[in-house]
Amino acid sequence: MLRFTDALGDIHHAFNSATRRRHAGNMPTDIVQEDDRYTLRFDLPGVDADDVDVTVAQDLLTVTVFRTDDAAEDGSWLVRERPVGTYRRRVRLGGRLDTSDVTADYHNGVLTVTFPIREDAGRRNVAIAVGSPSREAITVEAAS
């Protein structure tokens, strides 16, 4: 059997093999701001809904996914790029979002997480006090 080698192909394969673990948990994500909400969509093809966990803690959204290992039964892997095991994606949330009213939906391998924008998060004017007496934060007593 003759094997024709392609130097760039071999380098590409070596590079992909070396970086596969680093990028194994990649979760392509779209984030859209609509009038009254932010919507985040995570692509999770081939993952069961029971293997997806969504948590919100303070200003951090964490999506954790577990994908089982599909063993090659009677053959050997030629290319293996789909992530297996547990991986996660974290998104820092701004103060404009109402994290107490978050919703999540999973359909056809797409996780959709929606945060409403807080009603009080808009721009507001701040009153400026004019001529108010100055108060010192520290009182210094003179030594006698």
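## Close-up views of a predicted model

**View 1. T114 and its surroundings in strand 7.** T114 has its place in strand 7, and this view, like those that follow, is drawn from a predicted model. With a relative accessible area of 16%, T114 is buried, because the limit for that word is under 20%. When residues up to four places away in sequence are set aside, T114 touches R37, Y38 and T39, and it also touches D101, V102 and T103.

**View 2. The open sheet that contains strand 7.** Four strands, in the order 1-2-7-6, form an open sheet, and their pairing is antiparallel. Strand 1 and strand 6 stand at the edges with a single partner strand each, so one side of each of these two strands is left without a neighbour in the sheet. On average, and with direction ignored, neighbouring strands of this sheet are turned by 15 degrees against each other. As a general background to such views, strands of a sheet pair through backbone hydrogen bonds, and they may do so in a parallel or an antiparallel way.

**View 3. The partners of strand 2.** Strand 1, made of residues 29-33, runs antiparallel to strand 2 and is joined to strand 2 by five bridges. A student who wishes to follow one of these pairings can start from I31, whose bridge partner in strand 2 is L40. The connection between strand 1 and strand 2 is a hairpin, which passes through three residues. Strand 2 also pairs with strand 7, again in the antiparallel sense, over seven bridges, and here R41 has T112 of strand 7 as its bridge partner.

**View 4. The open sheet of strands 3, 4 and 5.** Three strands form an open sheet in the order 3-4-5, with antiparallel pairing. Since strand 3 and strand 5 stand at the edges and have a single partner strand each, one side of each is left without a neighbour in the sheet. Neighbouring strands of this sheet are turned against each other by 15 degrees on average, if direction is ignored. Strand 3 and strand 4 run antiparallel and are joined by six bridges, and A57 finds its bridge partner in strand 4 at L60.

**View 5. The largest nonpolar core, with F42 in view.** The largest nonpolar core holds 17 residues, and those that touch the most other members are F42, L44, L61 and V63. Two or more residues are given to this core by each of strand 2 (37-43), strand 4 (60-67), strand 5 (85-92) and strand 7 (110-116). Leaving aside neighbours within four places in sequence, F42 is in contact with M27, P28, T29, L61, V63, R89, V91, G109, V110, L111 and V113. In soluble globular proteins in general, nonpolar side chains tend to be buried together.

**View 6. Exposed residues in three loops.** Q58 lies in the loop between strand 3 (52-57) and strand 4, and although Q58 is not a glycine, its phi is positive, at about 55 degrees. Q58 is exposed, with a relative accessible area of 73%. N108, in the loop between strand 6 (103-107) and strand 7, is likewise a residue other than glycine with a positive phi, near 55 degrees, and N108 is exposed at a relative accessible area of 68%. D48 belongs to the loop between strand 2 and strand 3, and with 52% relative accessibility D48 also counts as exposed. Although D48 and Y106 are 58 residues apart along the chain, their C-alpha atoms are separated by 9.2 Å.

**View 7. The salt bridges.** The structure holds three salt bridges. One of them joins the side chains of R37 and E34, at 2.9 Å from N to O, and R37 forms another with D36, where the closest N and O atoms are also 2.9 Å apart. R37 is partly exposed, with a relative accessible area of 33%, and E34 and D36 are partly exposed too, with relative accessible areas of 28% and 44%. A further salt bridge is formed by R92 with D59, the closest N and O atoms being 3.3 Å apart. Because R92 lies in strand 5 and D59 in the loop between strand 3 and strand 4, this pair ties together parts that are 33 residues apart in sequence. R92 is exposed, with a relative accessible area of 58%, whereas D59 is partly exposed, at 32%. Salt bridges that share partners join E34, D36 and R37 into one network.

Technical notes: Residues numbered from 1 in each chain as written. Predicted model: local features only at pLDDT ≥ 70, side-chain atom pairs only at ≥ 80, totals over all residues. Heavy atoms only, no water. Core = buried A, V, L, I, M, F, W, Y, C linked by side-chain atoms within 4.5 Å. Buried < 20%, exposed > 50% of the residue type's maximum accessible area, 1.4 Å probe, protein only. Contact = heavy atoms within 4.5 Å. Pairing = 2+ DSSP bridges. Axes fitted to C-alpha atoms, helices over the stretch in contact; angles between N-to-C directions. Salt bridge = Lys/Arg side-chain N within 4 Å of Asp/Glu carboxyl O.
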